[in-house]
Amino acid sequence: MNPVVIVGGGLSGLAAAVHLSSRRIPILLLEQRKFLGGRAYSFVDDSTGTVIDNGQHVLIAGYARTMEFLGTIGTRDRLRVQSAPEFVFHHPRRGFCSFRLPLLPTPLHLLGGIITTDLFSPADKLRLLRAGRALRAFRPEAAGGMTVDAWLDSVGQSAETKRSFWEPLAVAIMNERIAVASALVFIRAIRTAFLSGARGAALAIPTVGLSDLYVEPARAFIERQGGVLRCGADVTGSVVDGENVACVLLKEGEMIPCSALILAVPSYRAASLLPAALRESGYMATAATIPLSPIVSVHLWFEKDVMPQETLGVIGRRVQWVFNRRTIGHENGPENEKRRGGHISAVISAAHAFVEMGNDELTRIVLEDLESIYGPNAGRAKHAVVIREKRATFSCTPEVERIRPRCVTSVPNLFIAGDWTDTGYPATIEGAITSGERCAGRAMALSEGAK
Ligand SMILES: Cc1cc2nc3c(=O)[nH]c(=O)nc-3n(C[C@H](O)[C@H](O)[C@H](O)COP(=O)(O)OP(=O)(O)OC[C@H]3O[C@@H](n4cnc5c(N)ncnc54)[C@H](O)[C@@H]3O)c2cc1C
């Protein structure tokens, strides 16, 4: 029997491969690059010998599919999950403020969190309670076509609640500014975090590099089940014979037969890999026009640890989130004893205005912001690594939300996966894994029907 061919070795492709191979369905995964992981991978920084990610990835405990996936590949314990959700922010006037949700039944946990935080004035706490009520009563048709900003206005949020709470949250979840991000998708994500139980919003942070959390364990799992993964395999198209896709074509001219095809590539590559008939019909013609949003990450090493917190939301500056890589985990083992001092990764999401800047300028901006929070020692780094992901995620605007494709196509054995497809989530690992598993479920149903 020909294998199910999966094109793309990012998390959506790997999730599809894990799902199918765990059910002993033969798969062949083809990845263009020399390594797997797509937009979620880690590598060693030569100067320090530290494993760093291509960008800090954070999950929340409420991401059920991701947690299940990690359970299947055996790395669930490589995530550190907060015992109760807590977000520490630095506010330009109020200083360090915490927003902690007590472990109470929903929505009492939200109520408790809002009442006890020192981040807001009493009037703004009332405004947040109003938004909380709106979230609970939310009906999707009410937000159709709205941006996050318009929705926040419609539920009476002040400029200060937007700046100090909604904007940092939205930019972290959506990788887009509230003025353009889709309210519908944001609200769905927020409901998963804040209304799926008291622990749903707890931050889950990898204690190892992304490749050790997701990629290599997934590869090992797939191979143990008999699946095959090929890197350096650049797919250029697919061919229909009769009703179904019969094979995919590689750049070098090789033709690979398949029983079903899952395209798990980014939005800007998908249309060009479709069979000619679908391409010519204009199906997914708009996919290549989906706007993309960049993320800039700056890793900084210091003589001493300058950051007492593990994570920090930064309000009113250019950096939005800061992570203490030393305390988060994977640099604390005995093998890292020689690497003393501090290591921070700072993130600028929706980095449209920053992504073209030079490394020195970006480093200076981050150091200025850190110094204004932690004092002069945080302004003097001994080493910096700047990572620009220009195409980090699709830009999840209300217009894009309307054109995200479903996983099924008019070709019965062709499925479309990826964080940008119609998952209901923003561009997240949870969305990518959900989409891969959904496609795998469809391909499995086909293969069982054929028996
Ligand atoms: C800096 C950064 C920070 C992020 N932070 C978070 C976060 O905190 N939380 C979160 O949940 N998400 C985060 N994300 C988003 C998350 O990484 C993505 O949603 C997810 O990795 C997307 O997986 P995917 O499989 O859909 O796509 P991709 O990872 O893009 O995988 C697609 C794969 O297809 C391959 N490919 C393309 N064309 C071909 C071809 N012709 N032939 C063969 N292979 C091909 C590509 O090389 C790639 O490996 C972040 C992303 C970035 C970049």
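Between which domains does the ligand lie? In this predicted model, domain 1 (4-40 + 210-290 + 396-450) and domain 3 (292-394) both contribute residues to the shell around the ligand, and the ligand therefore lies between these two domains. The shell is made up of 38 residues, of which Gly8, Gly10, Gly38, Gly55 and Thr428 are the closest. Two or more residues of this shell come from each of helix 1 (11-22), strand 2 (27-31), strand 15, strand 19 and helix 15 (429-450). When the residues of the shell are sorted by class, 16 are nonpolar, 14 are polar and eight are charged.

The division of the chain also includes domain 2 (100-198), alongside domain 1 and domain 3. Between the C-alpha centres of domain 2 and domain 3 there is a distance of 26 Å, and the contact of these two domains involves eight residues from domain 2 and eleven residues from domain 3. On the side of domain 2 that touches domain 3, three residues are nonpolar, two are polar and three are charged.

An open sheet is formed by seven strands, which follow one another in the order 8-7-16-17-18-15-19 and pair in a mixed fashion. Strand 8 (95-100) and strand 19 (383-394) occupy the edges of this sheet, and because each has a single partner strand, one side of each is left without a neighbour in the sheet. On average, and with direction ignored, neighbouring strands of the sheet are turned by 25° against each other. Within the sheet, strand 7 (residues 86-91) pairs with strand 16 (residues 311-314) in the parallel sense over two bridges, and histidine 90 is found opposite valine 314 of strand 16. Helix 13 (residues 359-374) lies across strand 7, strand 15 (292-302), strand 16, strand 18 (342-348) and strand 19, and the helix runs at about 65° to strand 15.

Further pairing involves strand 9 (residues 203-206), which is joined to strand 5 (residues 59-60) in the antiparallel sense over two bridges. In this pairing, leucine 59 has alanine 204 of strand 9 as its bridge partner. Strand 9 also runs antiparallel to strand 6 (residues 79-81), to which three bridges join it, and here arginine 80 stands opposite isoleucine 205 of strand 9. As a general point, the strands of a sheet pair through backbone hydrogen bonds, in either a parallel or an antiparallel arrangement.

How values were computed: Residues are numbered from 1 along each chain as its sequence is written. This is a predicted model: local features need pLDDT of at least 70, side-chain atom pairs count only at pLDDT 80 or more; totals for chains, interfaces and linings use all residues. Two strands pair if DSSP finds at least two bridges between them. Helices (H or I, at least four residues) and strands (E, at least two) are DSSP runs, numbered from the N terminus. Axes are lines fitted to C-alpha atoms, for helices over the stretch in contact, and angles run from 0 to 180 degrees between N-to-C directions. Two residues are in contact if their C-beta atoms, placed from the backbone, lie within 7 Å. A residue is near a molecule or strand if its C-beta atom, placed from the backbone, lies within 6 Å of it. Ala, Val, Leu, Ile, Met, Phe, Trp, Tyr, Cys and Pro count as nonpolar, Asp, Glu, Lys and Arg as charged, and the others, Gly among them, as polar. Domain bounds come from an automatic or database domain assignment.
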